[in-house]
Amino acid sequence: MKSFLQKLDFRFLIAGEMISGRGEDCFYSAQKDNSAIAAVFDGCGGLGSRKYQNYKDHTGAYMAARAASGAVRDWYQESGDEAGSAGEKGTGRRAGEDAGDTRKAALQISSYLTRALDVVNGLAGQTSRIFGTMVRDFPTTAAAALVRNSEQGTEVQCFWAGDSRVYLMNREGLAQLTRDDVDGTNAMSNLRSDGALTNVVAADREFVLHAGKKLRFGDKDPYMIFAATDGCFGYLPTPMDFEDMILTCLLKAEGPMDFRHRLEESISETAGDDYTLAFMSFGFGDFRTMQESMRPRKRTLQHDYMDWMEQDPSLEMQERLWQEYRTNYERLL
């Protein structure tokens with residue numbers, strides 16, 4: 001059986017700020033001998049706009065994202081390898097047992113997040129005078145993918161709160177693994193309306209850290225998985241455009257770091273906000289194999305969606321194509 005590090009092809013981070021030194025995104029990415037994690041945090045700038053003298057006039061959103069990142073780091077270093085460890089034995093596991101494993105891990109992470117935000121809140125000191133029901137104490141989104149070794153290959157667990165997302169990309173195409181905590185109905189409608197966040201990690205009230213179902217992949221089922229804040233995908237016309245951006249950058253790249261550079265450049269050209277993406281890939285073996293594995297999917301995406309939208313860029317055409325695309329895009333939700 002391959003070791004975990006043999007299954008992990010490569011990983012990288014992309015991060016950009018709209019205002020240098022004031023970006024309200026943060027991230028955590030790490031690996032161990034038998035697991036790896038990719039996590040992103042988007043401090044909620046509107047809700048967390050209070051500034052704190054004790055934090056050099058940084059906003060609550062800025063501090064929340066960093067506190068949450070530190071909390072997930074502490075959890076992963078202290079407990080991450082044991083999260084859902086019963087699933088490693090692989091055989092005879094029932095869905096209910098898997099759900100219990102992931103929920104237990106989510107509750108553990110939540111306790112780390114709560115303690116971290118309590119500390120930040122306790123040390124905050126004097127704030128700027130901003131009041132109202134739309135202001136929260138240290139609010140941030142969170143989205144994390146934990147990938148662990150298993151007897152059959154690898155298993156993926158996702159955790160999230162807010163509208164940052166975890167995605168999977170494989171030969172079948174892009175799939176969203178997390179459900180947005182937004183007053184919207186789906187990924188397309190959330191692009192067109194500025195729906196209110198219904199759940200975020202915060203210091204001043206209870207929050208829910210969701211746990212997705214555990215996904216297992218064999219050694220012959222390669223995939224990419226990444227966590228992203230909404231600056232990466234939220235300024236594109238459709239979810240199809242996001243998949244096309246990723247595949248175009250991948251297929252034009254000379255290697256992993258060129259892929260990272262091209263993807264960061266493409267995101268920065270469209271983003272109207274801070275953006276952060278934490279990426280990992282498993283099971284391809286090498287970069288050229290990854291490219292050749294994904295080339296047929298790019299042709300299908302181009303033929304079935306991108307060519308049509310180029311001919312007719314109307315909202316009506318986008319909506320019609322989205323209704324066709326979403327079945328595959330939502331296949332793992």
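In which loop is Lys56 found? In this predicted model, Lys56 belongs to the loop that links strand S4 (51-52) to strand S5 (58-59). Its phi is near 55 degrees, a positive value in a residue other than glycine. Most residues other than glycine have a negative phi. Lys56 counts as exposed, because its relative accessibility of 72% lies over the 50% cut-off.

Phe138 offers a second case of positive phi in a residue other than glycine, again with a value near 55 degrees. Phe138 is placed in the loop between helix H3 (95-122) and strand S6 (142-149). Is this residue, Phe138, buried or exposed? With a relative accessibility of 0%, Phe138 counts as buried.

The discussion now turns to helix H7. This helix comprises residues 256-270, 15 residues in total. From its first C-alpha to its last, H7 reaches 22 Å, which is close to the 21 Å expected at 1.5 Å a residue. Four residues of H7 are buried, namely Phe259, Leu263, Glu264 and Ile267. Viewed down the axis of H7, these buried residues fall within an arc of 130 degrees, and they therefore line one face of the helix. The elements that cover the buried residues of H7 include strand S1 (8-16), helix H5 (230-233), helix H6 (239-252), strand S13 (275-282) and helix H8 (287-311).

Among these covering elements, H6 can be followed in further detail. The axes of H6 and H7 come within 8 Å of one another and cross at roughly 145 degrees, and the crossing is right-handed. Which residues form this contact of H6 with H7? On the H6 side they are Met245, Ile246, Cys249, Leu250 and Lys252, and these meet Asp258, Phe259, Arg262, Leu263, Ser266, Ile267 and Thr270 of H7. By character, the residues of the contact divide into 7 nonpolar, 2 polar and 3 charged. Phe259, Leu263 and Ile267 of H7 take part in this contact and are also listed among the buried residues of H7.

Met245 illustrates the H6 side of the contact. This residue lies in helix H6 and is buried, since its relative accessible area is 10%, under the 20% cut-off. Beyond residues up to four places away in sequence, Met245 touches Leu236, Leu263, Ser266, Ile267 and Thr270. Met245 and Ser266 are 21 residues apart in sequence, and their C-alpha atoms are 7.3 Å apart in space.

Helix H8, another of the elements covering the buried residues of H7, contains Leu301. How accessible is Leu301, and does it count as buried or exposed? Leu301 counts as buried, at 0% relative accessibility. Neighbours within four places in sequence aside, Leu301 is in contact with Met240, Glu243, Asp244, Leu247, Met306 and Tyr325. The C-alpha atoms of Leu301 and Glu243 are separated by 8.4 Å, although the two residues are 58 residues apart along the chain.

A last buried position is found in helix H2 (residues 60-79), which contains Ser69. Ser69 is buried, with a relative accessible area of 8%. Residues up to four places away in sequence are again set aside, and Ser69 then touches Cys26, Phe27, Tyr28 and Phe41.

Key:
Residues numbered from 1 in each chain as written. Predicted model: local features only at pLDDT ≥ 70, side-chain atom pairs only at ≥ 80, totals over all residues. Heavy atoms only, no water. Helix = DSSP H or I, 4+ residues; strand = E, 2+ residues; numbered from the N terminus. Expected span 1.5 Å × (residues − 1). Buried < 20%, exposed > 50% of the residue type's maximum accessible area, 1.4 Å probe, protein only. Arc of directions from axis to C-beta. Contact = heavy atoms within 4.5 Å. Axes fitted to C-alpha atoms, helices over the stretch in contact; angles between N-to-C directions. Left-handed = near helix turned anticlockwise from the far one by under 90°. Nonpolar A, V, L, I, M, F, W, Y, C, P; charged D, E, K, R; others polar.
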